[in-house]
Every structure is written in structure tokens, then in C-alpha cells.
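Hi,

Here is the structure I said I would pass on. Have a look through it first, and then my notes below should be easy to follow.

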Amino acid sequence: MGIDLHRGAIAEVIVDFPPVNALPAAGWHALADAVGAAGADERTRVVVLAAEGRGFCAGVDIKEMQRTAGHEALLAANRGCAAAFAAVYDCPVPVIAAVHGFCLGGGVGLAGNADLVVAADDATFGLPEVDRGALGAATHLARLVPHQLMRTMVYTCRPVTAWELHRFGTVLEVVPPAGLRRAAHRVAEEIAAKDPLVIRRAKESLNGIDPIDVKRSYRYEQGFTFELNLNGAGDRARRRFVEGRQE
């Protein structure tokens, strides 16, 4: 259980936090460290970010927050998410997200900051944050879907499928789950065959022309999560989730 890093020209970072890959605060920091280490290795030409288990990522471990007194777990999770998303974005080589099953909350933050996404045909993407009394990762969702759909998804918490994102061009390829890793590696091999110095400069240049500072934008969103927590709305929503209530 945890984050596994397999080094090489095509490095793999594998998320494995059963049962649903809802990461504790330490897990987000471990993920940031693994992606950072992969990108810092001069042998690395591409990073594939994938997961074991039922889904790619179910976001933060809300139960960890609820069993921890005070705000310590919430603050740690928010900083961990910010660090992990930034590590994917700042990685000096392209990052390919290989998404299967559910990609929720923090999972959208990872996929939205990746350079490209390959998905299994069972993949769904969504932000249930409003139902959890929080906000965040709309910054990254906006990199995957059109603006008005992003707003609808935030307000309603409705998910979208990998095929819908494929139609938008933000998921490169949709494949059966059994072929997901192979599909991600095929694209990785195509990129890895290029001059590595040119690819690293390409990544740097593409980040440099982004119209939105994704790190600052996400931290702005997180400020509203802190506000909701201070006024009690966040804790009420998390308690309903942990207790399995829908009202």
C-alpha cells in the first residue's frame, strides 16, 4: 500500500491505497515526492501516473479528517494536494495519466495537470466537492471540459465519462481496462523516442505559455474550503458522508 516509483526512461508512479485510492495527507506528499524524484532523474523521458485497484483516485481521505481533532488533517491534506498537483505540473518531462474507474476530486487535480490523459472505457471524472462541504480542483477540471460544463459539474457534482472527454480532445485515447497501461506506454514510447533535451524544453515552454497559473488558482479555491470549514459547513458535510447520510 502506498506510492510505488519504477524508474527508467519511462518512469511509472503507481498509486495504491485500498480500497478506493482516497489518499491520506501523507499519501499526497509521498505522491509529490515520487513524481518529483522521477522528473529529477536525468534518465527519465516520460512519467506514467497510474493506479491499482478499483479506480484511479477518489480524492482525499475524508475519514482521516473526521477522526482527527482540530484542523490539522484538513490543512495537511490541502497542502499535500497542492504539492502533488504542482509536482505533476512542474515535472520537467511529460506526465501521462492512465485513468481507470473513478477519478474524483484530487484525481481530477492530477489528471487535469497531466500533459495528456489515456483512459479506460470505465473511467468517470467528477468533483463531488460541493457535497463534501469543500471547493477545489475546478482549476484542473477546466483543463478537461468546457467552462460552462465545468460550472455545471461543480454545482451538481455530476460526473462525465472518458468518452465525453475524448470528444473534447482532452482524453487522447479510450481503451478497455485491460489495455490501459499498454496504451499509456505506447504514447510514452513515442515521446521517449524524441530528443530528451528538446522534450524537456518543450514542457518548460508549454507551461510558460499557460494562460492561468494553475498553482495560484488552486490555492485560491482552497481558501474557500478553509472558510467553509471555519463556519461549520465543511464538518457537517463530511459527517454526513462518513455516516452515509444523503440529506
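Let me start with the helices: H3 and H4 are roughly parallel to each other, because their angle falls under the 35 degrees that counts as such. The numbers behind that are a crossing of roughly 15° between the axes of H3 (residues 72–90) and H4 (residues 106–113), which come within 8 Å. The crossing is right-handed. On the H3 side, the contact is made by Ala84, Phe85, Ala86, Val88 and Tyr89. H4 brings Gly106, Gly109, Leu110 and Asn113 to that contact. Bear in mind throughout that this is a predicted model.

H4 is worth a second look for its burial. 8 of the 8 residues of H4 are buried, so the helix is largely enclosed by the rest of the structure. Besides Gly106, Gly109, Leu110 and Asn113, the buried residues of H4 include Gly107, Val108, Ala111 and Gly112.

Next, the sheet. What order do the strands take? This is an open sheet of 6 strands, running S1-S2-S4-S6-S8-S11, and the pairing is mixed. Strand S1 (2–6) and strand S11 (173–175) are the edges, each pairing on one side only. From one strand to the next, the twist averages 20°.

At the S11 edge, the partner is S8 (residues 116–120): the two strands run parallel and are joined by 3 bridges. If you want a residue to click on there, try Val118, whose bridge partner in S11 is Glu173.

Just past S8 there is one more residue I'd point you to. Asp122 sits in the loop between S8 and strand S9 (124–126). Is Asp122 buried or exposed? Neither, quite: its relative accessibility is 38%, and since buried means under 20% and exposed over 50%, Asp122 counts as partly exposed.

Which residues does Asp122 touch, leaving aside its neighbours within four places in sequence? With those set aside, Asp122 is in contact with His100, Gly101 and Pro177. For Gly101 there is a polar pair to look at: a polar atom of the Asp122 side chain lies 3.1 Å from the backbone nitrogen of Gly101.

To place Asp122 relative to the helix pair, take Tyr89, one of the H3 residues in the contact with H4. Asp122 and Tyr89 are 33 residues apart along the chain, and their C-alpha atoms are separated by 25 Å.

That's everything from my side. Shout if you have questions.

Cheers

Note on methods: Residues are numbered from 1 along each chain as its sequence is written. This is a predicted model: local features need pLDDT of at least 70, side-chain atom pairs count only at pLDDT 80 or more; totals for chains, interfaces and linings use all residues. Side-chain values use heavy atoms; hydrogens and water are left out. Two strands pair if DSSP finds at least two bridges between them. Helices (H or I, at least four residues) and strands (E, at least two) are DSSP runs, numbered from the N terminus. Axes are lines fitted to C-alpha atoms, for helices over the stretch in contact, and angles run from 0 to 180 degrees between N-to-C directions. Buried means under 20% relative accessible area, exposed over 50%, partly exposed in between (1.4 Å probe, protein chains only). Contact means heavy atoms within 4.5 Å. A polar contact is a pair of N or O atoms within 3.5 Å; within protein, one must be able to donate a hydrogen and the other to accept it, and residues adjacent in sequence count only if both atoms are side-chain atoms. Angles under 35 degrees count as roughly parallel, over 145 as roughly antiparallel, 65 to 115 as roughly perpendicular and the rest as oblique. A crossing is left-handed if the near helix is turned anticlockwise from the far one by less than a right angle, and right-handed if clockwise.
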